Amino acid sequence: MLSRAEFRARVHDRPLLFDGATGTVLQRHLVVRGHGYDGLNLSAPDVVEAAHRAYVEAGADVVETNTFGANRLRLAEHGLESQVVEINRAAVAIARAATAESGVWVAGSVGPLGVVLAPIGRMTRAEARVAFSEQISALVDAGIDLLVIETMPSIDEVEIAVAIARGLTPDVPILATMTFADDDRTMLGAGAAEVASRVCELDVDALGVNCSTGPNQVLRLTTAMRQVVPDLAIAALPNAGFPERDVAGRVSYPATPEYFADYARAFVESGISIVGGCCGTSDEHIAAMRSAIDAETPTTIVAPAAVISRPASASGDDVPSVSVDPPTALKRALLDRRFVTTVEMRPPKGVAAQKMVASAAMLRDAGADFLDIADIPLARMRMSAWAAAHLVQLNTDVETILHFPTRGRSLLRVQADLLAAHALGVRNLFVTMGDPARIGDYPDASDGYDLVSTGLIRLLSERMNAGLDQAGARLDQPTNFTIGCATSLTAVDTGREAALLAKKVRAGADFALTQPCFDAEAARSFIDRARREADGATIPLLLGVQPLYNARNAEFLHNEVPGIRIPQHYRDRMRRADDPTAEGVAIALEIVDDIRAEVQGVYVIPAFGRYDLAADVLDAVRS
């Protein structure tokens, strides 16, 4: 058995390469799984030894025993619960035979029990201790070099397994890894920062991530973990991508050995000390990783930025918090100064979202980069905007901008709805006051609010995106919202509007959507004034354009909608036009062309749900 000091010195000196998936290599030998992989240690030891030897020849520094499910609870599925000790001891002997005289370490693999601990599940901690103790003691007695407690779904399960191991032998090196779902959380909802900060306190020698959805996610999660515990070795042992099932029901993994080689260098360059593979990886993947590590081939992978903050909680504790959510596509586009297009959509008046999704797909094909989802526009009852935004993203792969009014929401409801939107992957927000209930179909509805729009922007940027709620209590992970605000380029009181926009910028807004603009000259004048007001600290503006539908529509907007002024010559053109809708599109495009250099995108607001007219604008803007 290694000492903990030897293990820590080795991983500090150079990257440690683990093997890949034992099951994947065993499947290649066409082994029937009637008694599970663990039972093969007794029934087909030569096949298991061949799998280990393949990894030794591929260049692995560590081979894990074939005992991932060799606890009595998992073995009971195959009627082998009475043979826990025999199976684990045999596994160590097989691995020793495969690694003889190679210098490769043998790690005892301990997987999850396959049940959920109380109070969420029914397995008591005492029962879990008995199961872990039986397996871990067999592995330690058989002479492993180190222990790998892996693919754990909960931190509590890791805690029990580590405590058992430390009670048996205080000097065995322990690596503890957890698995994460595609939302970057464990089965019980823990984020990377919480896992790292809690597991590092359990007297382990290394911690990290295995399994999960693939190298890209594991790089993101382990980078975040390293921010929280920079002095402890971090392990990255990903699956070969997300599993796919063919028509015959066979499961395969898409990530190639070459892909893993590139990520091996990315892991090492990010400071990850332990690398290897999990489900779907084979000796070919490990051989490719070995070559990349030894050759020090530069990676083409851009490491994600893990933003760490230590906001003071309400109790005064200084708690590390890491945001592992990447910036939204909108945020990246704005930072890259790309000209973007977005179209406002209204949720359905009911539960059937098929028409909205079909229109969203049409707008995507017409060139919309993003889609704005309005929230109860004109105070008319409709489906919740964040549910509609989620459905659009789910069915079209187009990122949405959720309109989020403060009107009609208490401070408690505001934060609850924001967390719900973030959990559903809706992370671009357009903060607004919203339309008053008195103009809609429920004029007596409650219309109160606890926050004005500037207050909500500040709550998002200074609190929730820093990992705190409004009261200062810690969130399980910081949100990563991209925050938009509203402005009018043609307001009556341009001084007041410019000062308000500057206030929103200082509060933390990332971009602004403008009201529909029909006066390019007035808009340019306002933009100049806004820049002076903010001392140059401006944000990207997305120009609001609304294709006029007919002369009546033009007169209504001009006379009854605050902040919108339509010059007489445009209203005259609409009145004289033989084809008013085509003329409305033409006017919208003229305005875009006239002011395009001053803005970073176009925000199309179609009247009466005429998304076809919005598509006409997009066609022209794109060309």
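This is a short selection-by-selection tour of a predicted model.

**Stop 1: helix H1.** Select residues 4–13, which make up H1. Colour Arg 4, Phe 7, Arg 10 and Val 11 as your buried set. Now look down the axis: those buried residues fall within an arc of 130 degrees, so they line one face of the helix. The spacing has a simple background: an α-helix has 3.6 residues a turn, so residues three or four places apart point the same way. On the other side of H1, pick out Ala 5, His 12 and Asp 13, which are exposed.

**Stop 2: helix H6.** Move on to residues 84–99. Put a distance between the first and last C-alpha of H6 and you should get 23 Å, close to the 22 Å expected for its 16 residues at 1.5 Å a residue. Plenty to colour as buried here, including Val 84, Ile 87, Asn 88, Val 92, Ile 94 and Thr 99. What do the buried residues of H6 pack against? Show helices H3 (40–43), H4 (45–58), H5 (72–75) and H7 (125–142), plus strands E2 (62–64) and E3 (105–110), and you have the partners. Before leaving, click Glu 101, just after H6: its phi is positive, about 65 degrees.

**Stop 3: two nonpolar cores.** In soluble globular proteins, nonpolar side chains tend to be buried together. For the largest core in this model, with 76 residues, start from Phe 132, Ile 136, Leu 147 and Met 225, the ones with the most contacts inside it. Helix H8 (residues 155–168) gives the most to this core, with 7 residues. Zoom in on Leu 147 and leave aside its neighbours within four places in sequence: among its contacts are Gly 108, Val 110, Ile 136, Leu 139, Ala 165 and Pro 173. Then jump to a second, separate core of 75 residues, where Ala 421, Cys 485, Val 545 and Ile 566 make handy entry points.

**Stop 4: the barrel.** Switch to cartoon and trace E13-E14-E15-E16-E17-E18-E19-E20: these 8 strands close into a barrel, with parallel pairing. Neighbouring strands of this sheet are turned by 25 degrees against each other on average, direction ignored. For a close-up, take E18 (511–516) and E19 (541–545), which run parallel and are joined by 3 bridges. Leu 513 stands opposite Leu 542 in E19.

Last selection: helix H23 (611–622), which packs on the sheet and touches strands E13 (340–345) and E20 (601–604). The direction of H23 makes about 175 degrees with that of E13.

Technical notes: Residues numbered from 1 in each chain as written. Predicted model: local features only at pLDDT ≥ 70, side-chain atom pairs only at ≥ 80, totals over all residues. Heavy atoms only, no water. Buried < 20%, exposed > 50% of the residue type's maximum accessible area, 1.4 Å probe, protein only. Helix = DSSP H or I, 4+ residues; strand = E, 2+ residues; numbered from the N terminus. Arc of directions from axis to C-beta. Core = buried A, V, L, I, M, F, W, Y, C linked by side-chain atoms within 4.5 Å. Contact = heavy atoms within 4.5 Å. Pairing = 2+ DSSP bridges. Axes fitted to C-alpha atoms, helices over the stretch in contact; angles between N-to-C directions. Expected span 1.5 Å × (residues − 1).
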